[in-house]
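Trainee: I am new to this structure and would like to go through it by question and answer. May we begin once it is displayed?

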Amino acid sequence: MTETPTDVQPAREPRTDHDSGGTFDRLREAVEAGFPSTVADLTRLVRIPSVSWSAFDPEQVAASAEAVAELVRGLGVFDEVHIRRAAVADGVELGQPAVVARRAARNGRPTVLLYAHHDVQPPGRDDHWESAPFEPTLRGDRLYGRGAADDKAGVMAHVAAIRALVDVLGDDFDLGIVIFIEGEEEDGSPSFANFLRAQRDLLAADAIVVADSNNWDLDTPALTVALRGNVTFRLTVSTLDHASHSGMFGGAVPDAMLAAIRLLDSLWDADGSVAVDGLRAADLDTPEYDEAQLRDETGLLDGVAPIGRGSVLSRIWAQPSITVTGIDAPSVAHASNTLLPSVAVRLSTRIAPGQDAREALAALRAHLLANAPFGARIEIDDVDTGQPFLVDTSGWAVAEARAAMAEAWGRAPVDIGVGGSIPFIAELVEEFPSAQILVTGVEDPDSRAHSPNESLHLGVFRRAVLAEASFLARLQAREQS
């Protein structure tokens, strides 16, 4: 990647009524001047295959952490920059490496924690990519590569915003800043709670910016105010103590696959909406979003109908959903005429904001036990839960963020929900109950995070960097509440 596009237009000229001295204009100039370096640094991060799953090379995650730490050191505003893990057991560090740094606030200014993650999803099959997943490639206005959007662009948004702030204010400003770049978010953040407790004094802040979400479209910023939670587990359905010949006993003996299919079908109504008593929906206002947009953004095939009830976005943001994400069964190529004694499936349930994940798990367990066909035996294990989240939008940090986004993008942000989950946000709330939490991001509806051909729109990226720089400048200008 040796070039940046010249046809991505800078943000339009908005009002800067918070600053008659023109700080915003100077920030915009600094972001523009530094943008080629920002993109170049991002490409260097994308080239590191920092997949945090246990089956992948942990040295690559360590290399990614060191590369991020070097970028943070280069900002010149932090007393110390650390690479730390969650805990030590028998002399061995546990968890993937995170980058943390702190600059103390002065003269009554607030402290803001800037979060992102440097680990990435596995790339999947290379032949599903139009270019190599870890070779960042520019096509039009988009930078393609695994992690280009999720979430190494979030890392670079923080770095570039601080660079612009330093260019305009110098390094002698009073705002407190904490950097926390996690290394295992894509593996479910298993060490997150322990890490927060161990590093509490280092990470404490008045406001927390989680740069790991979407924008409404290429021209409209968004503030994520609602996130669904998750309940995932392995469901094992058993009917026999050994396999039998399907011709000899089929029709009299229920095989595990038949029982599993009948049981799974009970989880949904005929229209595809969830049919589990005790799983609730939230009451959220949703913007206009029609079926045509849903088809365009998801690739829904012609003739295939959407599922569920209510507005499209209420189904994604405010209602539960259940997905079978895996089945342990013989492949078609290796199928035999056998009645299977046992079948295991992986179920992923998204739960609406406002419902406790433990309550949702109990409802799912009760439903599956009550609806097991033919007296099939049911086992639920390998359980993982994450709490949903609703942002309190009444605080000063949200107001400042909205104003900064409107400046940088030239239009007001949209409040959105996200159908996916960021479970660690609930842990941030638990550890720092007085902190205001903002969920922002650099992605757009075509970024395809977690999928082949993940990409970052550089116009969106530029505006996101400018919005964050403006937000930091606004916090520098206010006294701590």
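Trainee: Is Arg478 buried, partly exposed or exposed?

Mentor: Please keep in mind that this is a predicted model. A residue counts as buried under 20% relative accessible area and as exposed over 50%. Arg478 has a relative accessible area of 21%, so Arg478 is partly exposed.

Trainee: Which residue meets the side chain of Arg478 in a salt bridge at 3.4 Å, N to O?

Mentor: A salt bridge requires a side-chain nitrogen of Lys or Arg within 4 Å of a carboxyl oxygen of Asp or Glu. The value of 3.4 Å satisfies that cut-off, and the partner of Arg478 is Glu400.

Trainee: How many residues apart in sequence are the parts that Glu400 and Arg478 tie together?

Mentor: Glu400 belongs to helix α11, residues 396-409, whereas Arg478 is in the segment after α13 (458-476). Salt bridges with shared partners also join Glu400 and Arg478 with Glu407 and Arg474 in one network. Because of where Glu400 and Arg478 lie, the parts tied together are apart in sequence by 78 residues.

Trainee: Is Glu400 buried or exposed?

Mentor: The limit for a buried residue is under 20% relative accessible area. Glu400 has 14%, so the residue is buried.

Trainee: Which strand holds Asp381, the salt-bridge partner of Arg234?

Mentor: The side chains of Arg234 and Asp381 meet at 2.9 Å, N to O. Arg234 is found in strand β11 (residues 229-238), and the pair ties together parts that are 147 residues apart in sequence. Asp381 is in residues 377-386, that is, strand β16.

Trainee: What is the relative accessibility of Arg73, which forms a salt bridge with Glu66?

Mentor: In this pair the closest N and O atoms are 2.9 Å apart. Glu66 counts as partly exposed at 36% relative accessibility. Arg73 also counts as partly exposed, and its value is 36%.

Trainee: How many salt bridges does the count give?

Mentor: The pairs discussed above, including Glu66 with Arg73 and Arg234 with Asp381, are among those counted. By the same 4 Å rule, the count is 26.

Trainee: Which strands stand at the edges of the open sheet of 3 strands?

Mentor: The order of this sheet is β6-β7-β20, and the pairing is antiparallel. Each edge strand has a single partner strand, so one side of each is left without a neighbour in the sheet. The edge strands are β6 (137-139) and β20 (455-457).

Trainee: Which residue of β7 stands opposite Thr137?

Mentor: Strand β7 (residues 142-144) runs antiparallel to β6, and 3 bridges join them. The residue opposite Thr137 is Tyr144.

Technical notes: Residues are numbered from 1 along each chain as its sequence is written. This is a predicted model: local features need pLDDT of at least 70, side-chain atom pairs count only at pLDDT 80 or more; totals for chains, interfaces and linings use all residues. Side-chain values use heavy atoms; hydrogens and water are left out. Buried means under 20% relative accessible area, exposed over 50%, partly exposed in between (1.4 Å probe, protein chains only). Helices (H or I, at least four residues) and strands (E, at least two) are DSSP runs, numbered from the N terminus. Two strands pair if DSSP finds at least two bridges between them.
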